[in-house]
Amino acid sequence: MNIPETGLSEQELGERLHRAREKDTPFLSGRVLGSMCTAPHPASVETFRLFLDTNLGDPLINPGVVELRDEALEMLGDLVGAGPRSGGLFLSGGSEANFTALRLARDTTGRREVVMPRTAHFSFRKAAHALGMRVVETGLTETFEADVEDIKEAVTSETACVIGVAGNTEFGAVDDIEAIGEVGEDQGAWVHVDAAYGGFILPYLPEPVPFGLDVDGVSSVTIDPHKMGRAAIPAGCLFVEDEEVLMEGATRTPYVSTERQAGLLSTRPGAAAASMWAALNAIGHEGYRIQARSAVEIAEWFGGVMENKGATLIRKPGLGIVSLAVEENVAARELLAEEGWKVSLTTIVPGIRIVCMPHVTTENLTRFVEGLPNTLEVDDGRILHA
Ligand code: 0PR
């Protein structure tokens, strides 16, 4: 395809774009069951449009959006146990936040080893590769939390960073952050908690478990507003225990209107930051509480329904994530996609992952279950059949 010599008419543009858009599955169709993203809150959508041309990389032009970002960071800090000395960065998502955490760990400790459970998100591998760090992978408990004894053995005076996950990607399991904090602290390592997914759920549960900067030994936390926070993509945040550390190793930016930048991106969307502000203010604690508890309850209900259908849960649902054991999971995902249902995979044990994001309702899941055959069996490559 070539760039047209003269621009297309508005009508033609619209037609082509709508044709492409029709191929996507919008969250509000109720058929996206395996994503960690969701339809942004309507206020986030409006706000995104309003701030579309703003660039956080140039506060001179956009002090308004910078103000919204800073207010939003202050609000979010509360969720991750930030104290008066803490600082936060607004970044493009969990991957950039995890990358930045590893860079800070490397630069402050002068070490290059990353100890992380097998369940840690692949963004840590990307980051370690780019940062010249070495990954030491540790084992899991039977219920897919990090095995703390294994971490204890792996952490040495060479360890730059120990990672704990508060809501892991495949199962929603929460590692014992208090124990991991202690292990890391004993060896002078940076302890990073990845709460990209769990950060908007854990604080709202009837019995919240500690996972943030208020846990001894924890140096930084990732939390993603573009997941359960309902901000528009791309919105991720990193919080550190000590704000001063944040600018360590940050790059000088001599001619733009920031002095230094600690994140990977330079020009970056203010619209996403403003949309995060809008989501936080439009939803409020009450809305997030309802959302978090519904996700957990719906997942537990759905897990039970699937068990009654003869499915095996890999683990009891964690923070709204249901993982079903399906050996031929890639084929199953395709088969379900042919029926219009978009699920994702688990890999540690082959399976299918359903994430009960706010757009996933009991009505949608009931429709999904009704469309399934009576038994789930593996048979000549067809996984879900009658
Ligand atoms: N940390 C955890 C615990 C994650 O689950 C993820 C992404 C990240 C970090 C990285 O975050 P970014 O993708 O924002 O950089 N986990 C999602 C997943 O694998 C990513 C995703 C989101 C995939 C939506 C598909 C999708 O439709 O499920």
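User: What counts as a polar contact, and which one involves the side chain of Asp224?

Analyst: A polar contact is a pair of N or O atoms within 3.5 Å; within protein, one must be able to donate a hydrogen and the other to accept it, and residues adjacent in sequence count only if both atoms are side-chain atoms. Here, a side-chain N or O atom of Asp224 lies 3.2 Å from an oxygen atom of the ligand. Taken alone, the ligand exposes 600 Å², and the protein buries 76% of that. Accessible areas come from the Shrake-Rupley method with a 1.4 Å probe; for residues, only the protein chains shown count as cover.

User: What should I know about the model itself?

Analyst: This is a predicted model, where local features need pLDDT of at least 70, side-chain atom pairs count only at pLDDT 80 or more, and totals for chains, interfaces and linings use all residues. Residues are numbered from 1 along each chain as its sequence is written, and side-chain values use heavy atoms, with hydrogens and water left out.

User: Which residues come nearest to the ligand?

Analyst: A residue is near a molecule or strand if one of its heavy atoms lies within 4 Å of it. Ser35, Ser95, Thr169, Asp194 and Arg353 come nearest, out of 16 residues around the ligand. A polar side-chain atom of Ser95 is 2.6 Å from a ligand oxygen. For Gly94, a backbone N or O atom lies 3.1 Å from a ligand oxygen.

User: How is the shell made up by class?

Analyst: Ala, Val, Leu, Ile, Met, Phe, Trp, Tyr, Cys and Pro count as nonpolar, Asp, Glu, Lys and Arg as charged, and the others, Gly among them, as polar. The shell has nine polar, four charged and three nonpolar residues. Helix H4 (residues 94-109) gives the most, with three residues. Helices (H or I, at least four residues) and strands (E, at least two) are DSSP runs, numbered from the N terminus.

User: Why does the ligand lie between the domains?

Analyst: Domain bounds come from an automatic or database domain assignment. That assignment gives domain 1 (10-40 + 286-375) and domain 2 (43-280). Both give residues to the shell, so the ligand lies between them. The domain centres, taken over C-alpha atoms, are 26 Å apart. Contact means heavy atoms within 4.5 Å. By that rule, 28 residues of domain 1 are in contact with 34 residues of domain 2.

User: Is Asn98 buried or exposed?

Analyst: Buried means under 20% relative accessible area, exposed over 50%, partly exposed in between (1.4 Å probe, protein chains only). Asn98 is buried, at 1%. This residue sits in helix H4. Its side chain makes a polar contact of 3.1 Å with the side chain of Asp194.

User: What does His359 touch?

Analyst: Beyond neighbours within four places in sequence, His359 contacts several residues, including Phe27, Val32 and Ala39. A polar side-chain atom of His359 lies 2.8 Å from the backbone oxygen of Val32. The C-alpha atoms of His359 and Ala39 are 7.0 Å apart, though 320 residues separate them along the chain.

User: Which backbone features should I check?

Analyst: Most residues other than glycine have a negative phi, and most peptide bonds are trans. Arg230 has a positive phi, near 65 degrees. Leu319 also has a positive phi, about 45 degrees. A cis peptide bond joins Ile233 and Pro234, with omega about 5 degrees. Pro234 is in the loop between strand S6 (220-223) and strand S7 (236-240).
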